[in-house]
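Good morning, and thank you for the time. I would like to take the group through one protein, beginning with its overall build and ending at a single helix.

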Amino acid sequence: MSQQTGTQTHQHYIAGEWTDGTGSETFESENPATGETLAEFHRGTEDDVDAALEAAEDAFEEWRELSYIDRAEYLWDIYHELRERHEELGGIVSKECGKEISEGKADVTEAWHMVEWAAGNARHPHGDVVPSEVGSKDAYMRRKPRGVIGCITPWNFPVAIPFWHMAIALVEGNTVVWKPAEQTPWCGQIIAEMMEDAGIPDGVFNMVQGFGDAGAAISDDSRVDTVLFTGSAEVGHEIASKVGGEPGKLAACEMGGKNGIVITEEADLDIAVHSAVMSSFKTTGQRCVSSERLIVHEDIYDEFKQRFVDIAEDIAVGDPLEEDTFMGPAIEGDHVEKIRKHNELAREEGANVLVDRFELAEDEIPDGHAEGNWVGPFVYEIDYDTDLRCLKEECFGPHVALLEYSGDIERALEIHNDTPYGLAGAVISEDYRQINYFRDHADIGLAYANLPCIGAEVQLPFGGVKKSGNGYPSAREAIEAVTERTAWTMNNSKEIEMAQGLSADI
Ligand code: UN1
């Protein structure tokens with residue numbers, strides 16, 4: 001499938017075959033900037049998931065016997081295809097999920113970075129040689145695949161995040177059953193075609209298109225050894241708690257955030273404003289690492305506020321396929337309503353609203369895009385109080401609070417850490433002591449200094465603490481979630497000698 005999606009109803013990919021599945025329902029992918037239908041898909045059922053899991057189980061024994069390097073060969077084909085089709089795929093990402101075009105392309109770039117990392121890692125050591133107390137013993141930590149990995153991915157990085165999960169799972173010798181987000185099935189279709197074109201053996205990779213019920217059928221099934229989930233906190237916590245009750249099964253979930261940027265009295269204001277704008281409004285605030293709280297020292301508060309507000313008033317919201325657009329639309333109508341509710345909540349809790357472009361003016365909406373899910377920046381200031389819900393609940397939109405603080409970096413960190421989440425954050429300061437204090441005390445998984453809090457690279461761990469995370473489903477740390485460790489100890493002597501001075505006499 002290329003730029004033209006055609007009229008057929010697209011299928012699931014199970015056991016190396018394209019199939020309509022067992023259900024009678026279909027669903028559509030829509031361009032969030034125009035409301036236009038992009039393509040139609042069969043909606044997966046529990047029976048379809050069942051067939052996919054059976055195929056993945058059957059394929060596991062042969063796949064695990066291949067060498068790491070042979071498994072990685074399949075992924076290298078995909079790496080080249082992602083690079084060759086960069087422009088085209090970037091455009092499809094932008095069309096299907098509304099991200100502006102440079103972000104659409106960056107999504108594809110991040111995908112090939114992940115594939116490159118996972119396939120390249122096949123040639124790296126996969127265990128440890130460990131000293132033994134006993135001279136005649138060899139001790140090692142060795143890894144082996146866990147089995148069937150269930151992958152459930154979000155719409156906002158519809159190409160990169162599936163590869164975060166699946167590239168590592170596959171190279172490590174597991175088989176996969178994947179459900180793409182229901183908002184971005186077209187990207188799912190293209191990835192499944194790539195897996196097929198790369199010649200990945202039947203059943204090693206399976207894709208079922210569909211909604212939460214298909215996702216739950218994957219995560220609830222006892223044939224799944226690990227669930228990798230990236231998405232909302234609500235679903236992630238449900239998966240983590242259910243799976244946690246099943247011995248031997250693992251879940252690694254990365255969820256949202258209520259991310260904050262601390263801007264101290266020692267900040268370079270150009271960097272502060274630039275970082276805050278990028279973090280709050282890129283992807284229309286719909287990254288799990290987007291910032292919704294700017295915690296600014298009183299000495300520079302007024303100047304920062306003026307400069308930030310001026311940009312928020314002006315920032316280009318529009319057609320994601322136009323180069324000079326900064327923010328595309330929200331993903332869907334329901335999400336626009338959710339953002340509206342968050343804006344209202346802030347007002348109810350006493351916000352002084354500085355910018356309200358929630359309803360774009362008619363002349364701001366590009367021609368032919370009246371049906372798009374448009375929202376613009378909403379910026380407010382509010383006196384910090386630990387009881388305010390608007391400072392604790394994630395909006396996942398261009399909705400940002402300015403919080404003025406007085407005192408030292410310790411005070412800024414008290415405010416910064418006062419959310420149930422802990423994914424990403426940044427400190428803007430020219431004072432290394434403040435920077436290092438933030439690094440050591442911010443309750444988050446991804447911390448930045450003098451940078452936006454978005455844009456992590458795949459060779460770093462990506463995950464959070466508190467309500468944001470439960471293990472790492474992505475990037476290099478995903479290896480822990482998709483492999484078992486074997487402590488392997490071997491005797492080189494004809495005698496048995498035990499560690500801990502344990503007597504071997506019988
Ligand atoms: C997400 O926010 O949902 O760090 C993923 C970043 C990207 C990934 C974001 N590499 O901004």
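A residue is called buried here if 20 or more other C-beta atoms lie within 10 Å of its own. By that criterion, buried residues make up 52% of the 506 residues in the protein. Please keep in mind that this is a predicted model.

Let me begin with the overall build. The protein contains 14 helices and 21 strands. Its radius of gyration is 24 Å, close to the 23 Å that the globule rule gives for 506 residues, so the protein is as compact as a globular protein of that length. Along the principal axes, the C-alpha atoms fill a box of roughly 80 × 65 × 40 Å. As for the contacts with a separation of 6 or more, 74% of them are made by residues 24 or more positions apart.

I turn now to the domains. Domain 1 comprises 12-256 + 468-488, and domain 2 comprises 259-449. Their C-alpha centres lie 31 Å apart. To the contact between them, domain 1 contributes 19 residues and domain 2 contributes 28 residues. On the domain 1 side, α3 (86-97) and α4 (101-121) each supply at least two residues. The most comes from α3, which gives three residues. By class, this side of domain 1 has six nonpolar, ten polar and three charged residues.

Where does the ligand lie with respect to the two domains? Both domain 1 and domain 2 give residues to the shell around the ligand, so the ligand lies between them. The surrounding residues are E110, N156, F157, R287, C288, V289, I454, G455 and A456. This shell divides into five nonpolar, two polar and two charged residues.

Finally, I would draw your attention to helix α6, residues 185-197. Its 13 residues reach 18 Å from the first C-alpha to the last, close to the 18 Å expected at 1.5 Å a residue. Is α6 largely enclosed or largely open? Ten of its 13 residues are buried, so α6 is largely enclosed by the rest of the structure. The buried residues run from P185, W186, C187 and G188 through Q189, I190, I191 and A192, with M194 and M195 completing the list. After α6 comes G199, which has a positive phi, near 80°.

To close, I would leave you with two points: the ligand shell draws on both domains, and ten of the 13 residues of α6 are buried. Thank you.

Definitions and conventions. Residues numbered from 1 in each chain as written. Predicted model: local features only at pLDDT ≥ 70, side-chain atom pairs only at ≥ 80, totals over all residues. Near = placed C-beta within 6 Å. Nonpolar A, V, L, I, M, F, W, Y, C, P; charged D, E, K, R; others polar. Domains from an automatic or database assignment. Helix = DSSP H or I, 4+ residues; strand = E, 2+ residues; numbered from the N terminus. Rg over C-alpha atoms; globule rule 2.2 N^0.38 Å. Buried ≥ 20, exposed ≤ 12 C-beta atoms within 10 Å, placed from the backbone. Contact = placed C-beta atoms within 7 Å. Expected span 1.5 Å × (residues − 1).
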